[in-house]
Amino acid sequence: MDTPDAPAVTDTPAELSQRLTVLLGQISQGDRAAFAEFYRLTSRRVYGMARRVLIDAELSEDTTQEVFLQVWQNAARFDPAAGSPLSWLMTISHRRAVDRVRSAQSATDREARYGASTQDIDHDTVSDEVGSRLEAEAVVRCLGTLTETQQESVRLAYYGGLTYREVAERLDAAVPTIKSRIRDGLIRLKTCLGVS
């Protein structure tokens with residue numbers, strides 16, 4: 001679609017409104033000449049509305065085309081008692097332009113969500129694996145510095161997934177005793193691992 005460049009309308013607002021009302025009636029009957037005249041008289045305003053909302057010239061042209069397609073299809077729905085033809089047309093234009101903005105924003109959001117969910121973060125997997133293994137070896141080495149009762153309590157609680165009460169039942173000890181063993185064991189582990 002070319003950018004609308006119809007000549008300026010010289011009718012008074014009342015004359016223009018009456019003329020557009022007649023044209024809409026003819027358009028509703030499928031009159032192509034009436035549609036062409038309606039387009040000539042109003043396309044600059046529609047394009048201007050779309051351009052103010054959308055900024056982008058190409059999107060504004062597309063939106064203007066959609067507006068006039070809607071006019072062609074729905075001219076019979078125009079009710080002169082509800083408002084002027086220009087008000088009706090500008091309402092359609094504004095809604096179409098806003099819909100276009102929302103559609104573009106939704107597409108941008110969708111693409112951003114998809115991009116974020118599918119983006120692989122570059123990292124050195126070998127380095128990560130080596131780091132994990134060294135940490136695991138350090139933990140195993142430091143577990144050896146704990147007393148046997150501390151090791152057993154920590155292993156059951158952290159590697160076995162048992163609660164303090166379950167560890168106490170398993171080791172036939174009081175819950176406060178198990179809590180004390182685990183706390184002391186974790187303090188020793190922390191010191192051994194050099195964690196501050």
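## Exercises on a predicted model

In this predicted model, the largest nonpolar core has 20 residues, and L20, L24, F38, V71 and L89 are those with the most contacts inside it.

**Exercise 1.** Work out which helices each supply at least two residues of this core, then look up what L89 is in contact with.

*Solution.*
- Start with the helices: α1 (13-27), α2 (32-54), α3 (57-74) and α4 (85-118) each put in at least two residues.
- Now go to L89, one of the residues with the most contacts inside the core. Skip its neighbours within four places in sequence, and you're left with contacts to F38, T42, V46, V67 and V71.
- Don't stop there: apart from this core lies another, of seven residues, including L156, V167, A168 and I182.

**Exercise 2.** Describe how α2 and α4 pack: what are the angle and the distance between their axes, and is the crossing left-handed or right-handed?

*Solution.*
- Geometry comes first. The two helices pack at an angle of about 35 degrees, and their axes are 9 Å apart.
- As for handedness, α2 passes α4 in a right-handed crossing.
- Next, list who makes the contact. From α2 you get F38, T42, R45, V46, M49, A50, V53 and L54. From α4 you get L86, L89, M90, S93, H94, A97, V98, R100 and V101.
- Sort these by class and you'll find twelve nonpolar, three polar and two charged residues.

**Exercise 3.** Take T42: is this residue buried or exposed, and which residues does T42 touch?

*Solution.*
- Place T42 first: this residue is in helix α2, on the α2 side of the contact with α4.
- T42 has a relative accessible area of 0%, so the residue is buried, the cut-off being under 20%.
- Leave out residues up to four places away in sequence, and T42 touches L20, F68, L86 and L89.

**Exercise 4.** Now try Q150: find its helix, decide whether Q150 is buried or exposed, and trace what its side chain reaches.

*Solution.*
- Q150 sits in helix α6, which covers residues 148-159.
- Its relative accessibility is 9%, so Q150 counts as buried.
- The side chain of Q150 reaches the backbone nitrogen of T147 at 3.2 Å.
- Setting aside neighbours within four places in sequence, Q150 is in contact with R181, D184, G185 and R188.
- One last check, on R133: this residue is 17 residues from Q150 along the chain, and the C-alpha atoms of the two are separated by 23 Å.

Methods. Residues numbered from 1 in each chain as written. Predicted model: local features only at pLDDT ≥ 70, side-chain atom pairs only at ≥ 80, totals over all residues. Heavy atoms only, no water. Helix = DSSP H or I, 4+ residues; strand = E, 2+ residues; numbered from the N terminus. Buried < 20%, exposed > 50% of the residue type's maximum accessible area, 1.4 Å probe, protein only. Contact = heavy atoms within 4.5 Å. Polar contact = N/O pair within 3.5 Å; in protein donor to acceptor, adjacent residues only side chain to side chain. Core = buried A, V, L, I, M, F, W, Y, C linked by side-chain atoms within 4.5 Å. Axes fitted to C-alpha atoms, helices over the stretch in contact; angles between N-to-C directions. Left-handed = near helix turned anticlockwise from the far one by under 90°. Nonpolar A, V, L, I, M, F, W, Y, C, P; charged D, E, K, R; others polar.
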